[in-house]
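Hi,

Here is the structure I promised to pass on to you. Please have it open while you read, and I will walk you through what turned up.

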Amino acid sequence: MAKDKQQKRIPVLRFPGFSGEWEEKEWGDFLIQKNREVLKPSENYLAIGVRSHFKGTFQKNDSDPKKIAMDKLFLVKENDLIVNITFAWEGALAIAKKEDDGGLVSHRFPTYIFNTNYTNADYFKYIFPRERIKYELTNISPGGAGRNRVLKKEDFLKIKNYFPQKSEQKKIAEFLSAVDAWIENVEKQKEAWEDYKKGMMQKLFPAPGKTTPALRFPGFSGEWEEKRLGECLDYKQPTNYIVKSTKYDDSYNVPVLTAGKSFILGYTNEKDGIFSQDLPVVIFDDFTTTSQFVNFPFKVKSSAMKILKNKKGYDLSFIFNLMQTINYEIGGHGRHWISKYSKMHVVTPSHKEQKKIADFLTAIDDVITAKDEEIAKAREWKKGLMQKMFV
């Protein structure tokens, strides 16, 4: 039944009161190129860029006009469709936001306005972040990789989509905008909790050169004791836990980790060499000194890390959070744990106070994780809806 509806140019999911087939139209029926040519500023200006993969616009507030060769630029207005003709094949097109208004782009970023008799930016922005559109953009951007793949603007306007009547477009856009606002609100909640944790950590851990923190839980007093990190943590080499194949798949069960920001690189189906004993641990990047707290079985990508475990009398979660407060100048490209990092001096309280601090920060982390999961589920729900709401 769902497939029949798609073949009849009718979406699977539809708001009450709307009927009939959607009509196939070219983008040129809805878009009008608008060139607002201006002379290059003599002083720093607001430049607008477009992220790849339909990730929206970004601003460069103090762009130096001396660094660009052209004499003329083009003015951007809110709700313009901006296209990066060099990387359109990578999904580099976006609707200009309110904060983009008045910014400037080069001739490589043509701007379009919408024929509001038929559509508008609020609806159109939900059309292009889809794989089929990226496929179309790739086909009309011939050439090699990178800057050799320039969009054919005349073909850009010939891209086709099925469109409902304007009243139905409005209903769809209002609904999806409300979903986006909900997701954005949860994202702001998550950011607020992250900021709260940062602020509390500044108070719960002593400032450099101090031996007592600015904020303390009731019942604890006295100075913290100076130790080297290597006195608090043991390390293990990761050699036995390195993944043999990097052909990851989300259907597999064992995560492959890095201590860097990406953390989970993918999932493997390898059964041997899984680190599953004596959890939790901290994985430490021996080159960048970044670290991650891990409380589930895993494998690793490379040997360029250490697996750290707390020694008796030290709470691992506390020490991990303490490590995040360390301002360490890396310098050079050598491995750091044995030669320098483990020898760094830190101050620690009693095990009981460590646990109190760790439990408090873990409770905040749990809220942040819950917000992350809520965001991921909401995005997946929206993605499923959009697959049914468009033809």
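Below are some notes on two sheets, one helix and one serine.

First, the ground rules. This is a predicted model, in which local features need pLDDT of at least 70 and side-chain atom pairs count only at pLDDT 80 or more, while totals for chains, interfaces and linings use all residues. Residues are numbered from 1 along each chain as its sequence is written, and side-chain values use heavy atoms, with hydrogens and water left out.

A good place to begin is the open sheet of four strands, ordered β13-β19-β16-β17 with antiparallel pairing. Strands here are DSSP runs of E with at least two residues, and helices are runs of H or I with at least four, both numbered from the N terminus; two strands pair if DSSP finds at least two bridges between them. At the edges are β13 (233-236) and β17 (291-294), each with a single partner strand, so one side of each has no neighbour in the sheet. From one strand to the next, the twist averages 30° (axes are lines fitted to C-alpha atoms, for helices over the stretch in contact, and angles run from 0 to 180 degrees between N-to-C directions).

Within this sheet, β19 (residues 305-310) pairs with β16 (residues 281-285) over four antiparallel bridges. Phe284 faces Lys306 of β19, and Asp285 faces Met305 of that strand. Four bridges also link β19 to β13, again antiparallel, with Leu233 partnered by Asn310. Five of the six residues of β19 are buried (under 20% relative accessible area; exposed is over 50% and partly exposed is in between, with a 1.4 Å probe and protein chains only).

Helix α7 (residues 316-324) lies across β13, β16, β17 and β19, at about 160° to β17. Now look at Ser291, which is part of β17. Its relative accessibility is 10%, so Ser291 counts as buried. The side chains of Ser291 and Gln324 share a polar contact of 3.0 Å (a pair of N or O atoms within 3.5 Å; within protein, one must be able to donate a hydrogen and the other to accept it, and residues adjacent in sequence count only if both are side-chain atoms). Beyond four places in sequence, the contacts of Ser291 (heavy atoms within 4.5 Å) include Ala259, Phe284, Phe320 and Met323.

The other sheet is open and mixed, with three strands in the order β15-β14-β18. Its edge strands, β15 (264-268) and β18 (299-300), each pair on one side only. Strand β14 (residues 254-257) runs antiparallel to β15, joined by four bridges, and Val254 is partnered by Thr268.

Enjoy exploring!
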